[in-house]
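Visitor: Please take one part of this model and go through it closely, residue by residue where that helps. I would like a single connected account rather than a list.

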Amino acid sequence: TPAATPTPQPTTKQTIAEKASLIPDAPKEDPAMTAYYNEQKNVMQTPIDEKATRERIRQRYNSQFEALRLAAAQKIADERKLGEGRLGSARALQARSGTLGSNFAGAENDQVNRDTEDIVNSINAETDAKIAFLMGQSEQDYSSQIAAAREAKKKGADEYIKYLETRDHLS
């Protein structure tokens, strides 16, 4: 007996929809995006703590203020020591010239002391100017950090809305 030859079955091509049904379901939400949007939600919900920001900046600048004050104190001490040397030189010249103890010598000594105090006052003025500049810098830092926090909060709110829109479209 002749072997039966199988009758060829008509082949139909699968449609795209049928092929797609063979692909396992992909997750509807990307975990990385969900984490990002959750972070933005937290930023949005966290209040801006202006007092803590100001305190952090104040502490950072305080070390600079203290360093300026210490440097000025050292400059003043050095200048007073130089002033004593100038006063000693003036007295030595007065002794050599025979005017030591006279009204003229007293006026010269007063001038040497005034000159020293003028230099000390200029060191104090310089220090005050530097501190005033740093105070201005600290206010700028404070303002910019508060503005950045506000911008992050706004971005967080906007990104969270995007997340809600995306999530709702995926469902």
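Guide: Contact here means heavy atoms within 4.5 Å. The model is predicted, and the part chosen is helix H3, residues 50-97.

The setting comes before the helix. The chain has 4 helices and 0 strands, so that its pattern along the sequence reads α-α-α-α. Of the 171 residues in the chain, 19% are buried. The accessible surface of the chain is about 12,900 Å², with 58% of that surface belonging to carbon and sulfur atoms. Among contacts between residues at least 6 apart in sequence, 87% join residues at least 24 apart.

Helix H3 has 48 residues. From the first C-alpha to the last, H3 reaches 68 Å, close to the 70 Å expected at 1.5 Å a residue. H3 also has a kink of about 25 degrees, centred on Tyr-61. Just after the helix, Gly-98 takes a positive phi of about 85 degrees.

The buried residues of H3 are Thr-53, Ile-57, Tyr-61, Phe-65, Leu-68, Ala-72, Ile-76, Glu-79, Gly-83, Leu-87, Ala-90 and Gln-94. A general point helps in reading that list: an α-helix has 3.6 residues a turn, so residues three or four places apart point the same way.

Tyr-61, where the kink is centred, is also part of the 1 aromatic pair that the structure holds. The partner is Phe-65: the two ring centres are 6.4 Å apart and the planes stand at 35 degrees, so the pair is tilted. For such a pair, planes under 30 degrees apart would count as stacked and planes over 60 as edge-to-face. Both residues lie in H3, 4 residues apart, which is about one turn of the helix. Tyr-61 is buried because its relative accessible area is 7%, under the 20% limit. Phe-65 is likewise buried, with a relative accessible area of 6%.

Another ring is involved at Arg-54, which lies over the face of Tyr-142 at 3.8 Å from the ring centre.

Further along H3 is Lys-75. Lys-75 has a relative accessible area of 39%, and therefore counts as partly exposed. Leaving aside neighbours within four places in sequence, Lys-75 is in contact with Ile-123 and Glu-126. The C-alpha atoms of Lys-75 and Asn-124 are 9.6 Å apart in space, while the two residues are 49 residues apart in sequence.

Glu-79 is also found in H3. Glu-79 counts as buried because its relative accessibility is 11%. With neighbours within four places in sequence left aside, Glu-79 is in contact with Arg-86, Thr-116, Ile-119, Val-120 and Ile-123. Ile-123 is thus among the contacts of Glu-79 and among those of Lys-75.

Gly-83, one of the buried residues of H3, can be placed against Asp-115. The two are 32 residues apart in sequence and 8.1 Å apart in space, C-alpha to C-alpha. Asp-115 is found in helix H4, residues 103-170. At 34% relative accessibility, Asp-115 counts as partly exposed, whereas Gly-83 is buried.

Terms used
Residues are numbered from 1 along each chain as its sequence is written. This is a predicted model: local features need pLDDT of at least 70, side-chain atom pairs count only at pLDDT 80 or more; totals for chains, interfaces and linings use all residues. Side-chain values use heavy atoms; hydrogens and water are left out. Helices (H or I, at least four residues) and strands (E, at least two) are DSSP runs, numbered from the N terminus. Buried means under 20% relative accessible area, exposed over 50%, partly exposed in between (1.4 Å probe, protein chains only). Accessible areas come from the Shrake-Rupley method with a 1.4 Å probe; for residues, only the protein chains shown count as cover. The expected span of a helix is 1.5 Å times one less than its number of residues. The bend at a residue is the angle between axes fitted to the seven residues ending there and the seven starting there. Rings of Phe, Tyr and Trp (its six-membered ring) pair if their centres lie within 6.5 Å; planes under 30 degrees apart count as stacked, over 60 as edge-to-face and the rest as tilted. A charge sits over a ring if NZ of Lys or CZ of Arg is within 6 Å of the ring centre and within 35 degrees of the ring normal.
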